[in-house]
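Ready for some practice at reading a protein structure? Work through the exercises below, and try each task yourself before you peek at the solution.

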Amino acid sequence: MIQLFHVYKAFGSNNPALIDVSLTVRKGEFVFITGPSGAGKTTLLKIIFCAERATSGQALVNGRNLNRIQDRELAYLRREIGVVFQDFKLLPRRNVFENVALALEITGFPLSVIRKRVHQTLRYLGLANKEGYYPPQLSGGEQQRVALARAIINNPLILLADEPTGNLDPDLTMEIMALLREIHTRGTMVIVATHSQELLRDTRRRIVTLNKGRIV
Amino acid sequence: MKITFLPYFIRQAMANIFNNRLVHLIGVGTMAIAFLIFDAFILIFLNLNYWSEERGKLLTMSVYFREEPERIVLEDIEKELLYFPGVTIKGFISKDDAMESLRRQLGNKAGLLDGLRENPLPASLEIILSRDKGGNSLPYQLKTRLEGIDIVDEVQYSEEWIERFQAIMEAVKIIGMVLGGLLFLAALFIITNTIKLTIYSRRDEIEILKLVGATNRFVKIPFLIEGSIQGFLGGSVALVILFLIYMIFITRVDLIIGFASLDIIFLPAQFIYFLLLMSIIVGFVGSTISLGRFFRV
Ligand SMILES: Nc1ncnc2c1ncn2[C@@H]1O[C@H](COP(=O)(O)OP(=O)(O)OP(=O)(O)O)[C@@H](O)[C@H]1O
Ligand SMILES: [Mg+2]
């Protein structure tokens with residue numbers, strides 16, 4: 001469960017990226033966050049997984065107050081949140097297997113378990129034959145799926161996807177959206193940030209629209 | 001910290017060293033230079049100390065007689081002296097010998113002595129004591145013993161200059177410790193910055209690890225292992241270079257002088273262990289400091 005109360009976020013003296021944002025997302029919900037470029041979508045997601053701290057206001061995620069969270073607890077919280085970053089954030093000098101395994105290694109699983117889970121997940125996302133590839137050798141769509149694999153391998157309670165179909169053709173877009181729906185049906189809360197109106201046209205899901213940092 | 005992490009940390013540290021060979025090479029090189037200066041300083045200091053100890057071990061003692069001793073009496077005294085460990089007889093100086101050497105010392109003013117009716121200079125026996133073998137109380141022991149003999153007038157030994165010399169060595173020691181400390185800090189500073197370079201070159205990785213839920217400690221430990229390995233390598237390289245320089249130096253000195261007249265020692269084993277341990281600690285502390293700076297951001 002995510003609860004934001006009157007969250008402001010300012011970077012220096014610029015116009016604030018988020019203004020008085022209050023938002024509740026319940027367990028297992030599927031929500032789109034939309035709005036034009038620069039509206040504050042990425043910033044909102046960053047507040048949720050605590051990559052940025054709110055300038056003022058309260059943020060509660062899975063019962064934890066993000067204003068007062070300690071290093072260790074923050075690490076545990078992040079293990080409950082899978083994130084597909086807008087710029088993927090894959091390590092270019094580690095191959096696909098290693099990039100995905102990262103999210104399990106930090107939790108101290110034995111190597112045999114890590115291997116099995118990574119193979120499974122990569123197969124699930126159609127990347128079984130790319131394990132040894134390095135990110136620069138992959139297409140944009142493939143990198144996006146590697147990022148998704150890393151985000152879901154831990155069976156997180158919350159999945160945040162920032163423009164997960166950003167530079168994909170319509171077929172791949174459909175494929176990724178289908179994967180996200182499937183992950184959602186397994187009980188994971190999914191939040192997708194996108195500026196694409198295309199993606200939202202036929203959906204009956206909840207849509208939160210941001211404009212210049214405000215929810216409209 | 002779960003024990004299952006240990007293989008991961010070591011694997012990670014090794015992989016990181018391999019993947020960042022160049023940065024590591026520069027780091028090890030810089031550390032080696034810093035340690036080399038430090039090690040060389042310790043070596044020089046150690047040799048100074050060693051020489052001074054060698055010097056301080058020997059002490060000259062003069063036994064003055066009331067009158068020219070008879071040969072048999074003299075031989076008895078010499079025989080008795082030689083019972084003491086660490087005693088060597090340097091030689092006997094008769095009244096005439098003493099006058100002769102005084103004349104030589106006075107040079108053209110020796111004429112002053114012509115007016116003397118009899119030779120006022122005492123005969124003496126010069127002996128050398130080794131403190132190593134005889135112990136610190138030997139000079140005093142001998143003095144009381146010899147002064148008990150009728151014919152012996154006075155026994156003198158020069159403790160003064162030894163004390164002065166020791167005072168100088170104490171000062172050198174303090175200066176050495178201060179300088180050594182400063183060099184140590186300089187090495188730590190250089191090392192902290194090199195490690196910062198390593199960390200900086202991997203800030204993306206650190207960021208991502210943190211974002212997927214790694215604890216600070218988990219992110220830091222491979223760096224600490226890396227820093228320690230780097231310190232160990234730097235320390236080892238420094239010692240090897242120092243040894244090579246030492247070898248070249250002593251063979252040169254031998255060539256020039258013709259024989260090993262100067263007794264230059266290399267670092268003893270305990271010092272080598274100590275310096276290696278210290279380089280590991282410096283690597284560890286250096287990475288802790290630079291990580292601290294990095295994580296505060
Ligand atoms: N680290 C930062 N420093 C300064 N300003 C920032 C920072 N991050 C975001 N901003 C500003 O905050 C505003 C919102 O940015 P944000 O990335 O949240 O937009 P967005 O809705 O995700 O846009 P896009 O659709 O292009 O990804 C922008 O004006 C941006 O310039
Ligand atoms: Mg964005």
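**Exercise 1. Find which strands of chain A helix α5 lies across, and its angle to β6(A).**

Solution. Start with helix α5(A), residues 140–152: it lies across β6 and β7 of chain A. Then take the directions: α5(A) runs at about 175 degrees to β6(A). Helices (H or I, at least four residues) and strands (E, at least two) are DSSP runs, numbered from the N terminus. Axes are lines fitted to C-alpha atoms, for helices over the stretch in contact, and angles run from 0 to 180 degrees between N-to-C directions. Contact means heavy atoms within 4.5 Å.

Before you go on: this is a predicted model, where local features need pLDDT of at least 70, side-chain atom pairs count only at pLDDT 80 or more, and totals for chains, interfaces and linings use all residues. Residues are numbered from 1 along each chain as its sequence is written, chains are lettered from A and ligands numbered from 1 in the order in which they are written, and side-chain values use heavy atoms, leaving out hydrogens and water.

**Exercise 2. Work out the strand order of the six-stranded open sheet in chain A.**

Solution. β6(A) and β7(A) (residues 158–162) run parallel, joined by four bridges; one partnership is Val83(A) with Leu160(A). Next, five bridges join β7(A) to the parallel strand β8(A), residues 189–194, where Ile158(A) partners Met189(A). Two strands pair if DSSP finds at least two bridges between them. The full order is β6-β7-β8-β3-β9-β10, with mixed pairing. β6 and β10 (214–215) of chain A each have a single partner strand, so one side of each lacks a neighbour in the sheet.

**Exercise 3. Are the residues on the two faces of β6(A) buried or exposed?**

Solution. Take one side first: Ile81(A) and Val83(A) are buried. Now flip over: Gly82(A) and Val84(A) are buried too. Buried means under 20% relative accessible area, exposed over 50%, and partly exposed in between (1.4 Å probe, protein chains only).

**Exercise 4. Which protein atoms are donors of the magnesium ion (ligand 2)?**

Solution. The donors are OG1 of Thr42(A) and OE1 of Gln86(A), 1.8 to 2.3 Å from the ion. Donors are N, O and S atoms within 2.8 Å of the metal (3.2 Å for Na, K and Ca); water is not among the atoms, so sites may look incomplete. Thr42(A) sits in helix α1(A) and Gln86(A) in the loop between β6 and α3 of chain A, so the pair ties together parts 44 residues apart in sequence. Thr42(A) is partly exposed at 26% relative accessible area, and Gln86(A) is partly exposed at 41%.
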